[in-house]
Amino acid sequence: MSAPTVKFYDNLREKAAPLFAGWDETLITSCLQGIMGQIYVSEECGGLPESAAAVLGDFCFLAGKPDRELAGHDFGRDFLIMVPQNEAWSEAIEEVWEERAFRRTRYAIKKDLSCFNREKLLKYVKKLPEPYQLHQIDKELYRQCRKQDWSRDLVAQFPDLETYKQLGLGMVVTKDSIPAGTRRTSGQSHWQKNSGTPDPMTTRCMK
C-alpha cells in the first residue's frame, strides 16, 4: 500500500506532528503548518501514523518508525534529498534504493539571526561589479525568476505572487534588470513562520 498524501487533511497533518518533535527545520514546520509542501504518512496504527515524510521542493524528511514502503514511495520527483531522522531510517533508504542512494553531508544554515555580520554583508554588496545589482524580489523579478530554470526554485514553492508577498522575502542579483545566472551570481529567498522569524528557504548560486 503506497503512503497516502495528507496535504488537504489538517487533522492527519496534526497527527503526524509528534513524529517530528524536536526537529527544528523550517521546511518541516512549513509542511506541518500547511504553508507549503506535503505530509505523507504510512498506514495508520490505532488511528495514528507511525511513520511520516515531510516533502518540500527537493527535500524529504523521514520521521517516526522506519518504513521501507514510505522510503521508497514515488513522491513525483526525479531527484530527492532524503533526510533521515536517525541511522535506522538511513539503513531503510539504502535497503530500498541500493546503489541509487548516496550518503552526503550537506551544509547547514545557522538559524541564529545574530550570526550575521552586517558590515561584511554591506561590503559584499558594495563590491558588486557593474552592471550587477542587488534587488529585493518584487512582482517583476518574481515573474523573471519563474521563467528561468536556475532561479525557479527561489519562488516556485509559493503557489502565487500574493502568497510570496505575504510569507516570503527574497533577494537576487540582476544584470540589466534580469536575474543573472552566469559566473558567481546568486539569489536567496526566505519564508516567514507563524512566529514572525524569517528563516532561510533556498539559495541558488551559478558559477
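A residue counts as buried when its relative accessible area is under 20%, as exposed when that area is over 50%, and as partly exposed in between. Keep these cut-offs in mind for the views below, which all come from a predicted model.

**View 1. G168 sits in strand β8 and is buried.** Let us start with a glycine. G168 has a relative accessible area of 18%, so under the 20% cut-off this residue counts as buried. For a sense of spacing, look from G168 to V155: these two residues are 13 apart along the chain, and 8.4 Å separates their C-alpha atoms.

**View 2. T174 is another residue of strand β8.** The strand covers residues 168-175. Here the relative accessibility is 1%, and therefore T174 is buried too. What is T174 in contact with, once neighbours within four places in sequence are left aside? The partners are P131, Y132, Q133, H135 and L141, together with P179 and A180.

**View 3. Four lysines form a positive patch on the surface.** Find K120, K123, K126 and K127, the members of this patch. Now pick out K126, which belongs to helix α5, a helix made of residues 118-126. Is K126 buried or exposed? K126 is exposed, because its relative accessible area of 71% is over the 50% cut-off.

**View 4. A nonpolar patch also lies on the surface.** L113, F116, L121 and Y124 make up this patch, and together they have about 420 Å² of accessible area. One of them, L121, has its place in helix α5, the helix that also holds K126 from the previous view. The relative accessible area of L121 is 41%, which means that this leucine is partly exposed: its value falls between the 20% and 50% cut-offs.

**View 5. Stepping back, the protein chain contains 7 helices and 11 strands.** How many residues does the protein chain have, and what percentage of them count as buried? There are 207 residues, and 36% of them count as buried; G168 and T174 are two examples from the views above. The protein chain exposes about 12900 Å², and 50% of this area is supplied by carbon and sulfur atoms. Finally, consider the contacts between residues at least 6 apart in sequence: 50% of these join residues at least 24 apart.

Note on methods. Residues numbered from 1 in each chain as written. Predicted model: local features only at pLDDT ≥ 70, side-chain atom pairs only at ≥ 80, totals over all residues. Heavy atoms only, no water. Patch = residues over 30% accessible without salt bridge, like charges linked within 9 Å, V, L, I, M, F, W, Y side chains within 5 Å. Areas by Shrake-Rupley, 256 points an atom, 1.4 Å probe, with all protein chains shown as cover. Salt bridge = Lys/Arg side-chain N within 4 Å of Asp/Glu carboxyl O. Lys, Arg positive; Asp, Glu negative; His and termini not counted. Charge placed at Lys NZ, Arg CZ, Asp CG, Glu CD. Helix = DSSP H or I, 4+ residues; strand = E, 2+ residues; numbered from the N terminus. Buried < 20%, exposed > 50% of the residue type's maximum accessible area, 1.4 Å probe, protein only. Contact = heavy atoms within 4.5 Å.
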